[in-house]
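I sat down with this one today and kept short notes. Here is what I looked up, in the order I looked.

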Amino acid sequence: MEQLKSFGRELAMGSQGGSSKEFLDLVKSIGEARSKSEEDRIILRELETLRRRLSEPDIPRRKMKEYLLRLAYAEMLGHDASFGYIHAVKMAHDDNILLKRTGYLTVALFLDEGHDLIILIVNTIQKDLRSDNYLVVSAALVAVCKLISEETIPAVLPQVVELLGHPKEAVRKKAVMALHRFYQRSPSSVSHLVSNFRKRLCDNDPGVMGATLCPLFDLILEDANSYKDLVVSLVSILKQIAEKRLPTTYDYHHMPAPFIQIKLLKILALLGSGDKQASSHMYTVLTEIFRKCESSSNIGNAIIYECVCCVSSIYPNSKVLDAAIEATSKFLKSESHNLKYMGIDALGRLIRINPDIAEEHQLAVIDCLEDPDDTLKWKTFELLYKMTKSTNVEVIVDRMIDYMINITDSHYKTEIASRCVELAEQFAPSNQWFIQTMNKVFEHAGDLVNPRVAHNLMRLIAEGFGEDDEGADTQLRSSAVDSYLRILGEPKLPSLFLQVICWVLGEYGTADGKYSASYIIGKLCDVAEAHSSDDTVKAYAVSAIMKIFCFELAAGRKVEMLPECQTLIDEVLASHSTDLQQRAYEFQALLGLSPQVIENVMPPDASCEDIEIDKSLPFLSNYINQAIENGARPYISESERSGTASTIAVASASQYQHDTSSVHSLKFEAYDLPKPRGPVPSIQSSSMSSLPTISSDLVPVSEATYTTREEQQNPKVQTLADQISAEIGVRLRLDGVQKKWGRQTYSSPSAPSTSSSSSTQKPSNGMVTSETIRENTLDSRKQQIPEVSAEKQRLAASLFGKKAVEKKTQAGTRRPVKEIQPAVATSAPEAPKEDKVIAPAAPPPDLLDLGEPSETATQTIDPFKQLEGLLGPGAGSDRASGPGPSVSAVATADLMSMVTDMPPIIDSKSSDKGVISSTVAKKGPNVKDALQKDATARQVGVTLTGNNPNLFKDLLG
Amino acid sequence: MIHFVLLISRQGKVRLTKWYSPYAQKERSKVIRELSGHILIRGPKLCNFVEWRGYKVVYRRYASLYFCMCIDANDNELEVLEIIHHFVEILDRYFGSVCELDLIFNFHKAYYILDEVLIAGELQESSKKNVARLVAAQDSLVEAAKEESNSISNIIAQAAK
């Protein structure tokens with residue numbers, strides 16, 4: 001390995017020597033650029049130079065190679081180098097492998113699958129896939145993975161399939177991955193190759209086998225049933241890996257082939273989902289892996305986490321489930337944020353099997369909720385969302401809204417707003433609360449929520465909540481009106497929310513007689529005035545004003561026209577928006593009618609009444625007959641029209657496919673001449689596709705104009721009313737909206753028994769008992785510290801427990817008692833009275849228990865620190881006194897924590913080099929390397945005192 | 001699946017980018033800007049994960065260089081964290097205690113190595129030894145090609161005399 005290392009070094013240096021001064025200068029000046037704009041200027045200048053150079057004739061190929069790398073560099077920094085793409089394509093075609101590699105590298109960096117130049121590279125790839133040199137084939141396969149699009153798959157597919165049998169495992173592996181990519185692009189293209197994948201699963205080379213798991217995972221995700229026969233062999237592969245039967249080169253940090261294990265676990269999770277028989281094969285190996293994985297290393301935890309995922313997905317088995325629960329609780333109790341995050345995620349999966357598991361970890365969850373780390377917080381909200389039920393919905397939604405108000409990222413704001421709405425719709429304990437919650441959501445994220453939600457809210461207010469109690473409905477409405485009038489005082493409200501407010505005020509503003517019509521109208525005018533640029537809000541306001549006028553007139557009361565209302569109507573009459581204009585004209589027309597007519601047109605609270613529409617429109621038949629006599633075309637019903645349209649669509653689509661399957665959707669036949677309009681043509685010739693759709697489109701349009709003209713000719717009030725109420729009706733029709741009031745999805749069957757049994761089972765599970773006890777006691781001591789405030793416990797109680805709510809003080813003590821149970825060995829079912837007695841008595845044994853572990857803990861931590869101090873005093877001080885003292889100090893500390901899970905060899909090496917390195921001005925482990933690097937750096941001209949001294953720091957410490 | 005790999009320095013300078021899902025050039029710059037804003041400000045003790053646009057970005061800091069990988073929401077974050085480390089260990093073997101400067105001046109080599117570790121957004125080889133062997137084989141081929149071209153040019157030069 002040493003040899004390889006120095007070899008790599010030499011090569012690296014060699015190529016540096018090979019690169020021209022220009023390129024080194026470029027990189028250097030970019031490195032020293034102090035701002036993004038300076039960097040941009042440099043790159044733009046560079047691109048200009050390259051453009052000029054590339055346009056010169058007869059560029060030597062070596063030079064060309066460097067130009068391309070420089071282009072790639074510019075592209076990497078975010079600039080457009082598309083003028084040079086063609087040169088990269090050309091270089092990939094070169095016979096010299098050195099140049100070919102560069103060509104492929106740059107092509108893969110420059111082009112995406114959809115690019116026009118892809119068609120030019122396909123030929124080169126075809127040729128290279130046939131090459132004798134396996135390195136050329138490999139390079140071509142890497143390019144295939146990146147560049148081949150759905151249309152070009154057929155061009156290379158046969159060759160790639162052939163390469164599955166290549167003698168070199170590196171080529172077989174890449175061929176499998178290329179097929180995997182093809183599957184992602186177009187599943188149908190490789191669906192006939194399933195047997196090949198199965199064969200590769202038995203490949204002699206573990207790398208090829210591991211790669212085959214990628215396409216298999218995708219295939220099984222699509223259709224698990226066809227692959228159930230693989231369960232046994234996959235389990236046996238996993239077992240062999242766990243027993244370290246693979247070559248040790250696949251070990252990673254002392255774990256046998258962890259990446260392959262994880263892939264296998266993912267596939268098993270799919271295969272075992274809801275399948276008792278398949279799952280039963282897996283229990284033994286899962287238990288085995290749980291037992292064998294070291295939870296001290298990151299990769300061990302990655303496997304454990306994947307096991308938990310697998311357990312939560314397959315048919316449950318109490319033994320593995322317990323192991324999974326235990327692993328999860330270890331994650332949650334860990335100090336590492338990463339593990340806590342994984343723990344929260346795992347908990348979210350496990351509560352789907354048994355909702356009571358969460359209860360045990362309530363305080364850990366709340367800690368995560370209050371953690372300053374946004375990622376962790378967000379994950380915890382996701383968990384809460386999953387465990388919401390009617391008992392805790394108020395607390396959870398309140399928390400979510402608080403969080404929503406404080407975040408700025410619109411993606412997450414939208415997400416959390418829609419979750420709030422969903423939870424509120426599902427579990428709302430009272431109507432009042434529901435309205436208030438929705439108001440808050442709208443107020444703070446109104447522009448981000450789905451309009452559907454607004455319509456849903458309006459409908460809920462209009463229809464009441466499904467109960468027959470009319471009184472409750474009116475009460476709800478008036479409280480909604482009250483709250484909206486109050487909210488209107490806020491300076492800035494989202495448009496969607498204002499629409500809801502306007503509608504509710506118009507419909508119910510005056511219903512209970514608390515507010516006068518002119519007061520409400522005045523408010524509505526204010527809204528319209530304040531949002532004069534928002535036509536939708538204005539339209540809602542005008543309609544609402546119109547409704548109030550109508551209700552008043554219908555009730556026989558006189559309404560005076562407020563001056564601001566008059567100005568609003570005048571303004572809207574002259575509006576550019578036809579919709580607004582129409583509303584204003586309708587308003588004027590209505591005012592002139594008699595009260596009886598108005599009551600028919602605008603019956604109060606009619607928004608949820610069904611409107612019957614006679615679709616045959618019999619009153620128009622005279623007119624139609626007349627028109628047909630005069631030579632108009634008869635109406636073609638919608639079904640006929642859509643029927644023809646769809647066949648046309650199919651025909652054209654199939655034709656398109658036919659075209660695209662032959663190279664790149666270029667059409668070589670001439671287009672047909674457009675035919676004069678006539679009866680709908682038969683769809684024999686698919687080339688007619690574009691014409692008939694247009695002509696059939698014309699039909700409904702003309703029909704529509706007929707009807708409107710008819711309406712204008714005899715403006716019957718009835719049609720007008722129909723139109724208005726239909727409009728409202730249409731707005732409120734919310735198909736497919738879920739509405740599940742008060743239905744509980746999680747029923748909690750006899751919670752205490754299961755939770756206590758799980759806690760008593762813990763010690764019997766063996767292996768890490770002492771450790772868990774220690775952790776538990778540690779944890780419980782933490783709880784004794786008064787810092788775990790009563791408030792937090794109350795929160796926990798309201799989130800998790802039903803019984804906890806009853807005895808708030810007990811909520812805190814209950815957990816430690818439960819945890820200590822194994823240690824003290826008290827019987828599981830205890831009277832609550834006893835709990836209270838034991839709780840204060842708990843600390844003494846606690847402390848005794850703690851004495852040892854805490855000491856060992858400090859012992860394990862401290863000596864290292866001391867050693868560090870002893871070993872590298874020079875190094876430490878040197879680093880600290882370097883050019884960027886604070887920065888580098890932080891960086892080293894960081895690195896230490898990062899690489900603690902590294903194998904010991906490297907650790908010892910770096911520490912012993914640390915001493916030497918102190919003499920060589922903070923260099924990396926290998927002195928010779930470091931000196932060489934330093935020399936090149938000088939040669940290149942990058943100085944240590946530049947603005948980024950960290951450039952020289954070894955990445956692995 | 002890994003959608004892209006980013007190497008950003010602490011100052012927000014881009015050291016390496018590899019995109020496994022299609023992103024337009026403009027979109028790429030935007031993604032980099034947005035993510036460096038999210039990641040570079042995070043404290044040392046926090047999670048190594050950032051949720052972003054429905055995806056997750058796993059990052060790890062080595063000296064002053066951040067290695068970031070963007071993955072799907074249901075991928076295993078800890079695994080990806082180790083894939084990053086796996087890549088860094090391979091770089092370290094190749095360059096011999098790799099530092100940021102190595103990657104700056106030899107970014108194309110880093111790309112070649114990355115191509116042997118990841119392909120189409122998946123880990124293709126989990127054996128460090130195999131990767132090292134392949135990369136070495138390619139390099140020796142390059143060497144051979146160089147010598148050959150040198151000798152040819154020598155012959156031509158001699159013939160010209």
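**Between the chains**

I began with salt bridges (a side-chain nitrogen of Lys or Arg within 4 Å of a carboxyl oxygen of Asp or Glu) and found eight across the interface of chain B and chain A. One of them joins the side chains of Lys266(A) and Asp75(B), at 3.9 Å, N to O. Helix α5 (residues 128-160) of chain B gives the largest share of that chain's side touching chain A, 15 residues; helices are DSSP runs of H or I, at least four residues, strands of E, at least two, numbered from the N terminus.

A note on the source: this is a predicted model, where local features need pLDDT of at least 70 and side-chain atom pairs pLDDT 80 or more, while totals for chains, interfaces and linings use all residues. Residues are numbered from 1 along each chain as its sequence is written, chains are lettered from A in the order written, and side-chain values use heavy atoms, without hydrogens and water.

**Strands of chain B**

Next I checked strand β4 (residues 55-62) of chain B: seven of its eight residues are buried (under 20% relative accessible area, 1.4 Å probe, protein chains only), so the rest of the structure largely encloses it. I counted four bridges to β3(B), residues 49-52, running antiparallel, and seven to β5(B), residues 65-71, also antiparallel; strands pair if DSSP finds at least two bridges between them. Trp52(B) is the bridge partner of Tyr55(B), and Tyr62(B) stands opposite Leu65(B). In the turn between β4(B) and β5(B), Ala63(B) has a positive phi of about 50°.

Notes:
Buried means under 20% relative accessible area, exposed over 50%, partly exposed in between (1.4 Å probe, protein chains only).
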